[in-house]
Every structure is written in C-alpha cells, then in structure tokens.
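Subject: Handover of a structure, with notes

Dear colleague,

I am passing on to you the structure shown below, together with some notes on what was found in it. Please read them with the structure open beside you.

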Amino acid sequence: MFQGVIRKIIIASIVIFTLGLIAAGYYLQKVRKIEVIDPFLTVPADAVVIIETPDFPELLTKVNEKNGIAWRLKNMKWASSLVADASLIDSLTGNQEVREYMTGRRTIISFHSGPGGRLTPLVAMNIGAMVSRRHIEGMIESTGAIITEKGDVDGAKSIVARYGKGNDTRDIYFAFTAGVLIATPSMSLMANALNNKNSGSDIRLQQGFSKVAGAFGEESDNIFILFRNLPGFFKGIVDPAEINEIVGLAIAAGGEIDEKEDGLYINGFIATSGSGTGADRVMNITPATPGIQEILPATVRSFRTIMREVMLSGEPATDPVSINATDIALSLRPYTENEITLATLSTTAGNKNAILFRVSNKTAADSVLKERIAAKYKSLGIKSDSYIIKNGESGSGNDMPVYKMPFTGIASILSQGQKLTFSDSYAVFCRSYLIFSDDPAVLRSVTYASENGSTLINDPLYNEVEKSLPTKSSYLCYLSSDALCSEIQNVLVPEKASTFDMKSLSGIGAIGVSMTPSNNMVYISLSVAYSNSETERLKELISSAEPGRDSSSAETDNRLLWKAMLQAPPVIKPFVFINHTNNAREIFIQDASNNIYLISATGKILWSAHIRERIRGDVFMIDYYRNGKNQILFAGKEYLHLIDRNGKYVDKYPVRLKSPAANTLAVFDYESNKDYRLFISGEDKKVYTYDKSGSIVKGWTPLVTTQKVTSPVKYFRTGGKDYIVVHNTYDINILDRRGNKRVTVKKSAGVAENSAVRLTKASDIVFSDPDGGVHFLDFTGNEEMKSAGKMSPGLFFDYYDINRDGLGEIIVIDQGVLTICRDDMSVLATARLPEGKFLTPEIVSLTTGLGMVALTDENAGSLWLFDDDARIKSGFPLKGSVLPVIVRLTSSTGNTVITGGPDNYVYCYKLTNQ
C-alpha cells in the first residue's frame, strides 16, 4: 500500500546517497579534479546517482570530517573504507598547486552500475580551455601516480595513471577536451562519457530529470537520483520483488545537501510519472500540520502519517444484530479528520503496532463508539461493560477506558483499505485521537505518555529531526536508527540481509521525511539527526525493544546512576532479586498497569510480563525446586504468584486463594530446609497456611478471628520454640506451627494498624496499641506497657537499633511529628515532618546496619530519609513516590537508593555520605 511504497523512497534515497558517497571516495583516490564548462554534458544516460558540487576539495573535507555522515556510518564496511579513502585522497591532492587548482571548480560526480551491481564513478570538472596536457600530467604525477599511457580517444587527450605498488595497483583513466577533465577507473565508462559529450546528449533533458535538475542553485552541493537506472545497481542487493516497486516510485529526485554538526539535511523535489502510482499519490493530498508528536511516546520506534481524508459513504445499520465493522466505521466517519498514522512502538513484549486517527470531537466519537459496540455485545448476549478494560487507577489521570472490539477491520476501513499487519482488536480515545492496537498494554503506554508529557514533542532527538522539516506535510515519516536498519534489512536479498549489521547506523539518532505537492512535483525534506550526548538517552530507549534504561548525562542530579522507564508508574517497593547464575543483584517491580519487570544492576530492563492483579505487601525469593535456582513469590488479593527469573509462572501458579486476602503474604522457612510456609488471612477472617506448591497445609487449624487480620503474620523462634503471631487492632494471638494457641495473653491488647511487631534482645515482642501504648510482651503471657502520651489510631510505630548502639529504639510518627525514644520512653530526638500525603513509613537500613526512616510523599513524588537524630539526610528529598530499598548493587556502587516516581521511572541513586 501507499505507506509501504513511500518508505521505499526514503530507504532508496538514503542508501543510494550514502553508497554514492562511498563510491565517490573510491574514485577520489585517483583523480585531481578539475572542472568543465558544463560538466553535465559528459554524464552518460545510465547514471544512477549524480552529485554536483561547486567545490570538490570542500566536499572531500566533509567526507573525511570526524562526526560527519561517513564517520557516523563507520560501522559499515563501505563507510569505514570511505573515510580511509577520503583521508588518503586528501593527502594525495595536498600539493598546493593541485589543491588551488581544484578549489572553487564545479564538479559533477556520477555513479553508474557496473558488474555485480557495483557503482562505478565518473568525475567531470571544468578546467578551462587553455590548460595543456603537460600541465595536467604534472599535476597527476604530483599526486604520486605513474603515467603509463598517453594518447587520444575520440578527439580527446587521454592519460592512464597508475596508483599504488605491487599487487595493490589501480588504473585511473583521464581525458580532457574543450575545457573538461574526465576521470574514472573504467575505460568503457570513459568512452561512453566522451561519446555522450561529442553527441551533445544532455542527461538533464531526460523526462523527469529536467524538472529537478534546474530546481537548485550551483552554489550548493546537490544530489540527484534517476529511478529508471536503479535495477542494474539493485540487482543482487535488493530483493527482486522490491525492485520494481522502488523503481516505480518516481522518475527522478534531487535535493540540496546541507550537513551540519548535529545532522544532515536534504531538501528537494521528486518528479513523478503522473500515472497516479508511487509518489504520485501525494499529489492530491492537501498538506496540514500534524499533531501526532504530541501523543506518541518518546520511545516510539517509527511512525508514518498521511493527511488523507477518510472517504466513506453510506448509512450505518441500526439493528444491533446487523452491526459490523463497516457500520462502526461509518458511525465514526463524521468525527475523523485528515490525519492517519501508523506507528511502531518498542515495548517489553517486542515491537508493537498501532494506528491513530485524529478526531474532531473526542467526546461525541467516544460516545458513538461505546454505544455501537455496547449494542453489538448485548445482541450477542455478552455482559454489559465486560468489553471495557480499565486503563489506569481511578484518579490517576490515566483512566481512559480501553474498548475491546467485537470484530476486527474497523481501522482498516477507516484508513481506506490500508492493509494492517496487526489486529485492531482494542481501541482507546486519547486527547484528539482514536487509537487501535492488538495489545491493550500498547494503548495504556500511549495514554500515559500523553498524560505525563513523555511524548515526542518533548524529546530532544525528535526535535532535532523536526526542526528542519516543514510545518505542514502531506506525508510525514519518522524512523529511529534501529527501525531504519530493519527497513533496509527487509528489502535486501537474504544473503545480504543475513550479513547486515543492525548496529551499523549507531551514529544516527533518527531520520524524518516530509513530502508535500509543489510545482507539479513532490517537495521532499530529509532530516538525519546524529546521535550526541543529549539524544543518546532516547536512542538507547528505542533500541532496547522495551521502555529501557536511561543514564543520560543531562540528568541534573549527579547522584542518579540510572533510571529505567516503565509503561506506567511504579506502585510497589522495589525488591532485590539475586540472579543464581552469576549472583548479580537485580530489581523486581510492578507498575500501575499490573506489568512486572526485572531490571539489571545497570538499569537495563531484562523482561516484563503482565499479571492479573496488583501485588500487595512484600515480595519473597525462594528456591522452589531446591536446586539453587531462585524464584519470585508474591500475592495479590485473589492469587498467589510464583515466577521464575525469566518471568514465567512456575508449576501450577497462579493459585487462587481460598478467600480474598485481607492482609499481605508472609513466608517462613522454619528449619531453613526450603520447606516454605505461606501465611495469608482472608476476608472470611480465617488465617490460611499454604505450602510452596500453593496447597493448603494439612494439620494446620485455620485461626478464626473476631476481626479481619490486615497486618502480615509474624514468626519468631526463640528458646528452641516457634511462635506465630497473628494480630489485629482488637487482640493478639500467639500460635504454634499447627495453629494451636501457644501463649495465653493475660491482658487483651490490640496492635495499631501501622505498628510493627518486633522481637527484642530480651526475647519479648514489642508493639504499639491504637492509643500509642508501647507493649513489651514475653512468651509466658506477661506484659509491660509504657506510654509517651495520647496518640492517634493512625500512628506509625517501629522498634529498631537505628543508631547502632546495641539497644533498640522506639520510632513513632504521629500527627506530623517524628519521635525517637529509648526503651524507657526518654526522647532521643524529635522533628516535625514536612507537609505531605505520606505512605506508611518504613525503617530502611544500610549495609552497615545503620537505620533510617523512609517517608514517601505520593502526591509530590518526593522521597525523604531521616537519620537517628531525626534530621533530614543531606541531599533529600529525592524524586520518588514508592518506598525505597537500599542495596549495594555491585561492589563499586556502594549503597544505592532505589525507588520509583509518578513519571513511570525507576530511579537508582548513589547514597552519598554513608
């Protein structure tokens, strides 16, 4: 279809241009450039690519220049050779007389298909009418060549010059006549050039070329492509099935080349055949200003936008039973505007596609679509609203519903029969766009990026591409270097594709192409943005086939070691997983869309997967098979989950809980023999125990409590006995392994909802009741209570040796005040906390054992750490909205703080002043 046809213009233009440069470098090694009165008159009609330059030495400098296009493509063998050849030619022509003679002379470099598709160069330069053979011979010899032959060919003086020594020699053929110097490594091509000049034939008079040849001034470097001559060059390189399609795109194309420090820009025209095929399809499309860059994520791999009107006629069916894809498309037609985009996004599940339609009235279009599909589902007997997938958490700003379509084909019809390579099974409205994809996760990532501003419009890489493109386009294309590599590889013959290096364009950040009808031609702009320190971040995200690591040097906080982008905001405390294959520390986390991720110690997302529910409470690492290989165990409200290091479920997991969970999972290994016990309380007020396979443990008598147990079950071993502690705000129960009461508590005491239950060095358990009373309970049932005054039921309580003095300290947060006390309730430190909506605080510890109080303001996205003097740790707050974990990821990082922000990122900070 049209989009596929257009992309081949882009690919052909770029490939031919860059291959042309290399061939130029090859020929360079043999010539000393001079210029003709009208050098175009020497160019034979079979030229594939023509480069016109007003100053050949300057073009040579550009080819040889570090950070130029050839240098950035140095991972490709031909480009590496080009840079080397250009450097050699620069030295060969360094003679002052030769260089001065070449400077400022208009030169035409044409490339012609030779044996095996190799491009053979021909150079023509205007040297003036009064130059003698002896003068030319002297300049050729001054470059280190040996003249082996002299003579006359078709009335022109000819010279054969040999370069190199031994087996590494090459002959270059020179001829000059009527003020024109011609140079080429091919004797037959030289004969054709002289014959062309003598016959008065002018390639610029060919159909199509005559339009573009005169569109540019002679003061710029220009490039021209003759599409009819491409087959000879493409044979053996491009898949035969693609050659005719590429050749049929246009007759000729040309443009001015402008290379700058940050990119390469070509602006020119395409001459079409007028047959209505190929690039002709742009001729009748009115240009407009696209808005797609304001909604697509910065991690988009590629997109192609066409400003084509949706042309549909007819009346949609009113009977729900008769509604089909065409009826829904007809219903949406009144709201569609002239902008259709096909996009490919890099996701954790690979490259995913979406098609986007701009709409004039989102509210009305949304209402119509929902009404039509609801009626269709109802006619099929499907439950109301079961086709709506909640997109984000309520109130998160990302709660646009995703609709599951009753059938596919709607997007294809709206796009005028565009053949899609994916299913348009799901749809969402976001801003002024209706988006279809085969994966609801893709739609969630687009909507979230739109909401939090992580879109192309705010991406420096895209801005670099866009700045040289017209404001209005009929067709707009954007490709990352990775996507460009894939496009090129897809059109190559298998043997070439198999050897194509996908990293060969690593020096290119991205390209953009705009096409618009103008002067009975198509105006085309090609923008190539180079990779640099500012844009490398986004290139790395795109090439990772997932939302990925970001280690940009542009980050203002120099403590940030890396940040990894998820598809939605992180929602659980990061968990440190130990890779059993190399003992490396890795980070496990979940986002708001219920995607789980494993991230390496350097911030690379190793994998992600989607699970059916939100993780609640702690995550655990177990050795399920007792073979030294670790798995990740956690629970939600409805299920127990166990996954392996690759993100795959183990055995029969996920396992549905006997009752929806009221608290969070606790896991114990009594004898350290990997015979794990999983404790979780249900909404039915029963405490259940599961074995590691997810089966109810036989012999455990489920405890039935008077109130729901919302805090995790605790386990202590002291004096050779096991104690399982189950508590709520009403009472506390101390049980044995079978669920029988082990300790009778003499005084009934409930535990505050946000109170930890800890074991002291004296083998008491300590906790706070809802009124702030601090209880020290021994395992005979005796209890001592201390009080620091009246507290609110929402108080936070913990007991930890926060200052490493060998004694436990009481840490209380209540009504915005942090207090640290000794066992006797004497105050060590106190401080008023900053204003904010804080999650339940937590005590975190460094690898040295020093403790700190972590507070996370989920509204402001700020993370605070307080030391044992209740002082804010230097450098805080940091960006973060989930409770952190402090870990030494590698031997060189020291303590790092890992948290997550509301902007989809997981952050890893180096903890200074440890």
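In what sense do strand β25 (residues 595-599) and β26 pair, and over how many bridges? The two strands pair in the antiparallel sense, and five bridges link them; one pair among these strands is I599 with its bridge partner I605, which belongs to β26. Before going further, please keep in mind that this is a predicted model.

**The protein overall**

The secondary structure comes to 18 helices and 54 strands. Of the 914 residues in the protein, 58% are buried. When contacts between residues at least 6 apart in sequence are considered, 56% of them join residues at least 24 apart.

**A sheet of four strands**

Strands β25 and β26 belong to an open sheet of four strands, which runs in the order β23-β24-β25-β26 and has antiparallel pairing. The edges are taken by β23 (575-578) and β26 (605-610), and each of these has a single partner strand, so one side of each is left without a neighbour in the sheet. On average, and with direction ignored, neighbouring strands of this sheet are turned by 25° against each other.

**A sheet of five strands**

Another open sheet is formed by five strands in the order β39-β44-β45-β46-β47, and here the pairing is mixed. Its edge strands are β39 (754-755) and β47 (827-832), each of which pairs on one side only.

Strand β46 (residues 817-821) may be a good place to begin looking. On one hand, β46 pairs with strand β45 (residues 809-814) in the antiparallel sense over five bridges; on the other, β46 pairs with β47, again in the antiparallel sense and over five bridges. I820 in β46 can be followed across to both partners, since I811 stands opposite I820, while I820 in turn stands opposite A829 in β47. A further pair is T819, whose bridge partner in β47 is T830. Four of the five residues of β46 are buried, so this strand is largely enclosed by the rest of the structure.

The hairpins on either side of β46 each have a residue with positive phi. In the hairpin of β45 and β46, with two residues between the strands, Q815 takes a positive phi near 50°. In the hairpin of β46 and β47, with five residues between the strands, M825 takes a positive phi near 75°.

**Helices**

Helix α11 (residues 325-332) packs with helix α12 (residues 362-379) at an angle of about 160°, and their axes are 9 Å apart. Angles over 145 degrees count as roughly antiparallel, and α11 and α12 are therefore roughly antiparallel to each other. Their crossing is right-handed. From α11, the residues D327, I328, S331 and L332 take part, and they meet A365, V368, L369, R372 and I373 in α12. By kind, the residues of this contact divide into six nonpolar, one polar and two charged.

Helix α16 (residues 481-491) is of interest for its burial: nine of its eleven residues are buried, so α16 is largely enclosed by the rest of the structure. Among the buried residues are the charged-letter positions D482 and E487, along with others that include L484, C485, I488 and V491.

**Residues in loops**

Several individual residues in loops may also deserve a look.

- N229 is found in the loop between β8 (221-226) and α9 (230-234), and with a relative accessible area of 15% it is buried. Leaving aside neighbours within four places in sequence, N229 is in contact with A45, D46, A47, V48 and S113.
- N520 lies in the loop between β19 (508-518) and β20 (521-530). Its phi is near 60°, a positive value in a residue other than glycine, and at 62% relative accessibility N520 counts as exposed.
- R626, in the loop between β27 (620-622) and β28 (631-635), has a phi near 55°, again a positive value in a residue other than glycine. With a relative accessible area of 47%, R626 is partly exposed.
- P654, in the loop between β29 (639-643) and β30 (655-656), is joined to Y653 by a cis peptide bond, with omega about 0°.
- P877, in the loop between β50 (862-866) and β51 (878-879), follows a peptide bond from F876 that is cis, with omega near 10°.

With best wishes

Key:
Residues numbered from 1 in each chain as written. Predicted model: local features only at pLDDT ≥ 70, side-chain atom pairs only at ≥ 80, totals over all residues. Heavy atoms only, no water. Axes fitted to C-alpha atoms, helices over the stretch in contact; angles between N-to-C directions. Parallel < 35°, antiparallel > 145°, perpendicular 65-115°, else oblique. Left-handed = near helix turned anticlockwise from the far one by under 90°. Contact = heavy atoms within 4.5 Å. Nonpolar A, V, L, I, M, F, W, Y, C, P; charged D, E, K, R; others polar. Pairing = 2+ DSSP bridges. Buried < 20%, exposed > 50% of the residue type's maximum accessible area, 1.4 Å probe, protein only.
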